[in-house]
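Hello,

Here is the structure I promised to pass on to you. Have a look at it, and then read my notes below.

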Amino acid sequence: MLLTVCYAYLTFTAASRIARRKMKILNLVRQYALTSGLSFKSGKPEYLCHLTQEISASVFWEEASASQKYTEVVLWREDDNRMTIIQPKPKVDLDEWTSFIGSARPLTPTTRVRSGQVLLLLEATLPDREDDGNDDACEELPLSQSVSLTRLSEPLAWRSGDPYGLLVSTDVEGLGVLGLAFMDSKLKLDDGMEAVQMISVDTSGSSQDLLSLYSRKLNSPGQNSSSDNDKDLGGSFRLELPKHQQVHEGSTEVRGETLGGDTPKVRSIPCLGEARDGSTQGTEDAMSGEFDEQDSPEMLTKLHQAKPPNILVYTGLKDTQAERGKFEQVKEALEQCLGPDHYIIYRLKHDHVLSQPWAENTSLLVAATQEELEDSVNQKFENFVEDGGRLLSFCSHFNMGLDVQPLPFLSAEVGVHSMVYRPLQGSVTELKVYVTGLCYTQRLKAHQGSTAFKVIGSMKSGNQPVILHAYAGYKGGRAILSQVHLEMSPTENEVTGTEMFTQLKKSNPQRHQVLQDILTTLGMTCSRGTQTSLTSAHLLVVEDALQDTVVQAISSHLDETNALRGGKVSLVFVDDAEPTPATPEELPVLIGGAADSFNWQVYQDNLKTRTLGKVVLYTEVIPTTMTVLDRLSSCVPEDAGLIAIAHRQTSGQGRGGNVWLSPLGCAMFTLHVRIPLQSELGHRLPFIQHIMALAVVDSVRTLPGYQDIDLWLKWPNDIYYGDSMKLGGVIVNSSIMGNSCSAFIGCGFNVSNSNPTICINDLVKQHNKLHDTDLPDFTTEELIARAVTIAEEIVQDFQENGSDAFLQRYYNRWLHSDQQVHLSSEEGPQATILGLDDSGFLSVVRDGGEIISVQPDGNTFDMLRNLITIKT
């Protein structure tokens, strides 16, 4: 009995010591990884623990300045391994480094590491091993006891030599696990290589594209023979590849071994731009989303035509319409957050969970079912995470091996409630979420020592845990378990009633950001504003006769380079056979032609004007439409109504120098209107912005069935959902030319882009649910054409009948009739909004009866506080 007690005590003591050691190392990593050169290295140190010593830079670091040498402090030492910090933080010049094939984030001078991410430099070498006939001497650590570098990091760049240099991206928690593995000699690399040091670093310069270098080398004069294949490229760089990334001359086969020491994989890649039969093809086939079961177990090397990693979504036992709908819901939510073209999202059917080898090529597994999981499925998912996989659970009963079960809320029901999200890195966020009525017990306990967890989301009322971050196994496996529906859009059927819809829509940007943060924590590459190349424009004219007139007028103003020189942007007219790159200063223009992203037929079918909008300058990607029509407008005849339309803007403009975000699904255009100064509207030019804003609202609400869509006007120039959220606006730039005003009316409003805020099609879906209707969604082409048509109609009526008829129509759509406001500050005098005065400014009456006008150029209106204040 005494022996048993002693054994138990010694076991407990040893386990406690191991746990304290692990916690100490992890805490040091969290403290220093992002701010210092945190280093793990092997080899006997020549100085004492905790003693600061000046050191020489690594072969991979930039030299320190003469006045500031690198110094090193030992934080932790175990035998020959030690953990140190190095100041200043080392920087690696990447100009002589090579990007990994398929790296999702090539390293350039403008590369920014995601929040909480660490760039980690590994120096590795082949150990000296003599064959002494003892097989045990060379016995490798079993995979079950090793820690795979691949599972915990993303390879970015490498440099050959001795030592071999490898640059990877990981996060702070991943670095902690890698550091523990290094200290325990359990870090697994390829080809028998051993890491002798790994250190968090900054970078400068740009890593190089291996395939571009190799192609240039093969095609350069005098380098066609095999004997020339080792000549230097670009000076000091030599094409020496590590074993895990060999490219063989005369073929495009790429051999790839995963860095974590998994079974070598081989993928034959066709030449870029060629199919296997030699015919030309694009990337559509490779990105089609069709699942190839023969490829599913392979970790395929990624090139332009290779398949991206898989994300699998499990929605339950059956193959019903509801489960298929759930998959589409989750897929849409993920696609809105993840980087473009980085992943293919499949549905993991129940029958395939145990029968198909899906785990090897899965970057993320999503469990999105509220059904009880079968024991075999639950165990399969648990094994996936413990083997280093990443899992995200949306309101499922999968609990990652924790001895917890979802429990009913103490004080909440199914519906919308406030949640507090506390990320591993970053600030706390409060938001409204749709909850299932379930939460996790506050007495969390793991049934196995390899699982740790942290509460990162809890209900504001009652503090019940609803989102857990679980860290499982010894291979870096992670799971985030959520009992809130972060994947569910406010337009889904579960959301009932206007109040619930409005609450969720107001929190939609936060929900979107929280989901992005969770995916980033799980190692996914999320979009942070895609950088898109500018494109050429198409000049499209509604009538053939008008096109001839317009082209002749433009031709007479072109210079010798076929350019129409403008103040900010010059239009360069080119043939389709002469593609010219677009720049912010020069926009190539094709006469006619087809633009895949713009439905010209739909636009023409909905445009019913005599003049406005008949000459379209369409650009897929442009900085802003507000600067491209100034020179063109002075060339074309007066009866040629110009409009510039963009599929996407990179520098959209708002009032007062604000930036207007211009995502896909947003209608973006600049309409040119000539207004005689000696006319009704010419005497009241500020009305122009009100006319355009009203035209946008009426482009929806004048259609049969859409009269009650909750779309309104907010003074001076905004388009709103109710009084809650902005979804569009108008800006006007004008100049006087002779006896007329040349007005450029810029307009942007959300049509189909639900995230991160709200769009018109969201309102249509909500209306359909509330009124049991089936109104179809809108397209941007349809609403732009309808808005221009209505704008021309309102302008004509204004010119003929003055402002009275317009004001009556305008007040039917605006939010401010008899609204009480404060002037200048929240403690300022009260006033009541009367309407627009004769000049188009806001007219208010103070309590004493004094009527004053407020001009929009110098004021702003905060409806939430009922405050009109002077802009500073």
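Beyond its neighbours within four places in sequence, Asn-768 is in contact with Thr-773, Asp-774 and Leu-775. The last of these also takes part in a polar contact: the side chain of Asn-768 comes to 2.9 Å from the backbone nitrogen of Leu-775. Asn-768 sits in helix H14, which covers residues 760–771. With a relative accessible area of 13%, Asn-768 counts as buried, because the cut-off for that is under 20%. Ile-709 is 59 residues away from Asn-768 in sequence, yet the two C-alpha atoms are 9.7 Å apart in space. Please keep in mind throughout that this is a predicted model.

Now for the overall picture. The protein chain has 872 residues, and 51% of them are buried. It contains 16 helices and 47 strands. Among contacts with a separation of 6 or more, 68% are between residues 24 or more positions apart. The accessible surface of the chain is about 40,100 Å², and carbon and sulfur atoms account for 48% of that.

Another helix to look at is H13, residues 687–701. Its 15 residues should span 21 Å at 1.5 Å a residue, and the end C-alpha atoms are indeed 21 Å apart, so the two values agree. Is H13 enclosed by the rest of the structure or open to the outside? All the evidence here is in the burial: 15 of the 15 residues of H13 are buried, so the helix is largely enclosed by the rest of the structure.

On to the nonpolar cores. The largest one has 79 residues, and the members that touch the most others are Met-692 and Phe-749. There is also a second, separate core of 36 residues, which includes Val-118, Leu-178, Leu-187 and Met-198.

The aromatic residues deserve a visit too. The structure holds 19 aromatic pairs. One of them joins Phe-40 and Phe-182 in a tilted arrangement, with 6.4 Å between the ring centres and 50° between the planes. Phe-40 belongs to strand S1 (residues 37–42) and Phe-182 to helix H3 (residues 172–183), so this pair ties together parts that are 142 residues apart in sequence. Both partners are buried: Phe-40 has 0% relative accessibility, and Phe-182 has a relative accessible area of 5%. Elsewhere, Phe-687, Phe-798, Phe-806, Tyr-810, Tyr-811 and Trp-814 make up one aromatic cluster.

Two more residues are good places to zoom in. Ser-597 lies in the loop between strand S34 (586–591) and helix H11 (600–606). Which residues does Ser-597 touch, not counting those up to four places away in sequence? They are Tyr-618, Glu-620, His-647 and Glu-781. With Tyr-618, the side chain of Ser-597 makes a polar contact of 2.5 Å, side chain to side chain.

The other is Thr-362, in strand S22 (residues 362–367). Thr-362 is buried, at a relative accessible area of 6%. A polar atom of its side chain lies 2.6 Å from the backbone oxygen of Trp-358. Leaving out residues up to four places away in sequence, Thr-362 touches Asn-310, Leu-312 and Phe-384.

Enjoy exploring, and best wishes!

Notes
Residues are numbered from 1 along each chain as its sequence is written. This is a predicted model: local features need pLDDT of at least 70, side-chain atom pairs count only at pLDDT 80 or more; totals for chains, interfaces and linings use all residues. Side-chain values use heavy atoms; hydrogens and water are left out. Helices (H or I, at least four residues) and strands (E, at least two) are DSSP runs, numbered from the N terminus. Buried means under 20% relative accessible area, exposed over 50%, partly exposed in between (1.4 Å probe, protein chains only). Contact means heavy atoms within 4.5 Å. Accessible areas come from the Shrake-Rupley method with a 1.4 Å probe; for residues, only the protein chains shown count as cover. A polar contact is a pair of N or O atoms within 3.5 Å; within protein, one must be able to donate a hydrogen and the other to accept it, and residues adjacent in sequence count only if both atoms are side-chain atoms. The expected span of a helix is 1.5 Å times one less than its number of residues. A nonpolar core is a set of buried Ala, Val, Leu, Ile, Met, Phe, Trp, Tyr and Cys residues joined through side-chain atoms within 4.5 Å. Rings of Phe, Tyr and Trp (its six-membered ring) pair if their centres lie within 6.5 Å; planes under 30 degrees apart count as stacked, over 60 as edge-to-face and the rest as tilted.
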